[in-house]
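Here are some exercises to work through with the structure open beside you. Try each task before you read the solution under it.

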Amino acid sequence: MDRLNKRIAYLSAAPILILLLVFFVAPLLVIGIYSIMPQKSFSLLAMPDFSSYSLIFVEGYLKSLFWSLVLAFSSTVILFLLCWPLAYAMAKIFNRFTLIITIAVVVSLFVSENIRLFGWLLTLMKGGLIEGLLRHYTGNGFEGALYNVPIIIFGLVYVYFPFMLFPLMQGIAMIAEDTRQAAFDLGATRWQVLREIELPLAAPGIVVGTLLSFVLAAGALAESKLLGGQTVIVLADDIETAFTYGQNWPLGSALSMLLIMIIATIAVFGISRVDIDTIMGRKRS
Amino acid sequence: MKPSYSTKIVLFAYGILAIIFLYLPLLSVSFASISRARYLTFPIKAYSFKWYTKAFESDTVTDLVIISLKVASIVTIVSMVLGFFGALAFARYNWRFRHLFQKVILLPIFFPQAVLGLALLIWFNSLGVIPTWKTAIISHLVWISPITTLIIAIRAYSFDSSLEEAARDMGASTFTIFREVTLPLLMPGVISAGLFSFLLSWGNFPLSLFTTGADLTMPEWLYAKMISGYSPLVPTVGMLSISVSLFVIVFAFAVAHLVRMIKQARI
């Protein structure tokens, strides 16, 4: 009987694993092979020469990488600070309001991200919702708030808000009230409780939330393009250009590999520290 | 230590602020869609629904809706099936590679979608497949079926396996157990997973951008018009896309409510 269950388990895992093998692993392997092909090659069988990787260090691509990481890092930090109080209240304080916020956030996720970013464009541009109404009622306008670095970070914070909020909430829900209470009774200050009890106990949620936001923001494209204009070129932008206008697949592949390696290092490091069963709410047996 | 009354008020206000923050841009889009002017400035001088009439008459918009619908519907059905079986392996059974499987499933979610889309484009090219809306279905599935697996897995964690055992002891075959016990128990998870996958596929942009070839979905068309060659139809089509999502959500909630009422009436 146990053996039958095991067989069903393997059979159930098979369909999605086959899908991921053929359309996730295999494409990444192809990208890996292309990345060592000579420049502008469209064949996978040429003599490998690794020229794309040396090109990364010669041309300005390190700068795009730097921007991608800086933008991802700053938006992740801001997201953590913004989401912590709300996630805390949702997990511990609000009752019905938690459900309302949850529904509101999830529903917003279903609106295509470029429509929402376009909405910010209409809100923040000169003559947009905020500036236009301000000028109309006060007589003083300002230049639109668009096309700079802070607004790109703002866009990233906006788009990836749910990806930080929900894991944090899940993590905070794992903090046992008794433990907090005990610490207070033993004379711990608020700050000590936060540092010694709450942050460590909520760690799985914090790890998942920060990882998810950082990784997604590092590979994001639309925020810098729509809100940032061309002030900053991010790595995902360079990758797209190399594959499309540039028609240089090996270069695009090498840049993708660079991004994938960085993300994979961070993600594998993070995921291996977290027990997925616990986060997903499985009762410990 | 209970939070004080004033702390609660502040947090409550913060929550409301967060909701406003999420929906403010959509408010701007909805105003823009009913502005009469070709180039929008606030405050809006004259309102009109003419862009909606234009959108409904336009063949381009009809094509966009049809392609987006086709992709989202097929993705929904396939990802529900994949997610159902995936969730069983994820949460229900104890097997040797379960923890590895869980991590593998998470990888596509932790992956930048634009890069995944490009990688798939190169892969399809190497296979000699010309990208159309059909290849977009595959790219959506790579990202969405792990998500449906997770959603159904939440349900599968609370699964009482003794029910399956009881059925087996009474002589039910594996297939009958699946159909009569496992599937009905996981059904609520499967349905919410289906809802998620429809909506996520309908609104997806980074994956579609590289894998639809000459076909266009609504988010792609919007993006193309946003970065070059602005059209006054952009806010209108955006609102149409949002309305479909909203309709699906409200419909799903209404059906769920109805089912609950019928069940209660029976008891």
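How many of the 10 residues of helix H10 (residues 218-227) of chain B are buried? Please keep in mind throughout that this is a predicted model.

**Exercise 1. Look at how helix H10 of chain B sits in its surroundings.**

Step 1. Count the buried positions: 7 of the 10 residues of H10(B) are buried, so this helix is largely enclosed by the rest of the structure.

Step 2. Name them: B:Met218, B:Pro219, B:Glu220, B:Trp221, B:Leu222, B:Tyr223 and B:Met226 are the buried residues of H10(B).

Step 3. Find the cover. From chain A, helix H5 (113-124) and H11 are among the elements that cover the buried residues of H10(B). Chain B itself contributes helix H3 (59-92), H8, helix H9 (206-211) and helix H11 (233-266).

**Exercise 2. Do the same for helix H12 of chain A.**

Step 1. H12(A), residues 235-243, is mostly covered, with 8 of its 9 residues buried.

Step 2. The buried residues of H12(A) are A:Leu235, A:Ala236, A:Asp237, A:Asp238, A:Ile239, A:Glu240, A:Ala242 and A:Phe243.

Step 3. Their cover includes helix H3 (61-93), helix H11 (222-226) and helix H13 (249-271) of chain A, together with helix H5 (113-127) of chain B.

**Exercise 3. Describe the contact between the two chains.**

Step 1. On the chain A side 74 residues take part, and they are in contact with 68 residues of chain B.

Step 2. Helix H1 (residues 2-34) of chain A gives the most to the chain A side, with 19 residues.

Step 3. Sorted by class, the chain A side that touches chain B has 53 nonpolar, 15 polar and 6 charged residues.

**Exercise 4. Work out how helix H6 of chain B packs against H8 and H5 of chain B.**

Step 1. Two packed helices are described by the angle between their axes and the distance between the axes.

Step 2. For H6(B) (residues 133-157) and H8(B) (residues 174-203), the angle is about 155° and the axes are 8 Å apart. That makes H6(B) roughly antiparallel to H8(B). H6(B) passes H8(B) in a right-handed crossing.

Step 3. Residues in this contact include B:Ile144, B:Ile147 and B:Ile151 of H6(B), and B:Val190, B:Phe196 and B:Leu200 of H8(B). By class, the contact has 12 nonpolar, 6 polar and 1 charged residues.

Step 4. Turn to H5(B) and H6(B), whose axes come within 11 Å and cross at roughly 135°. These two helices are therefore oblique to each other, and their crossing is right-handed.

Step 5. The contact is made by B:Gln113, B:Leu116, B:Gly117, B:Leu120 and B:Phe124 of H5(B) and B:Thr135, B:Ser139, B:Val142 and B:Trp143 of H6(B). It has 5 nonpolar, 4 polar and no charged residues.

**Exercise 5. Explore the largest nonpolar core.**

Step 1. This core has 167 residues, of which A:Ala87, A:Leu121, A:Tyr160 and B:Val115 touch the most other members.

Step 2. Helix H7 (residues 149-173) of chain A gives the most to the core, with 16 residues.

Step 3. Zoom in on A:Leu121: leaving out residues up to four places away in sequence, A:Leu121 touches A:Leu146, A:Leu226 and A:Leu227.

**Exercise 6. Summarise chain B as a whole.**

Step 1. Chain B has 11 helices and 0 strands.

Step 2. The C-alpha trace of chain B spans about 70 × 65 × 40 Å along its principal axes.

Step 3. Of the 267 residues of chain B, 45% count as buried.

Technical notes:
Residues are numbered from 1 along each chain as its sequence is written. Chains are lettered from A and ligands numbered from 1 in the order in which they are written. This is a predicted model: local features need pLDDT of at least 70, side-chain atom pairs count only at pLDDT 80 or more; totals for chains, interfaces and linings use all residues. Two residues are in contact if their C-beta atoms, placed from the backbone, lie within 7 Å. Helices (H or I, at least four residues) and strands (E, at least two) are DSSP runs, numbered from the N terminus. Ala, Val, Leu, Ile, Met, Phe, Trp, Tyr, Cys and Pro count as nonpolar, Asp, Glu, Lys and Arg as charged, and the others, Gly among them, as polar. Axes are lines fitted to C-alpha atoms, for helices over the stretch in contact, and angles run from 0 to 180 degrees between N-to-C directions. Angles under 35 degrees count as roughly parallel, over 145 as roughly antiparallel, 65 to 115 as roughly perpendicular and the rest as oblique. A crossing is left-handed if the near helix is turned anticlockwise from the far one by less than a right angle, and right-handed if clockwise. A nonpolar core is a set of buried Ala, Val, Leu, Ile, Met, Phe, Trp, Tyr and Cys residues joined through C-beta atoms within 7 Å. A residue is buried if 20 or more other C-beta atoms lie within 10 Å of its own, exposed if 12 or fewer, and partly exposed in between; C-beta atoms are placed from the backbone.
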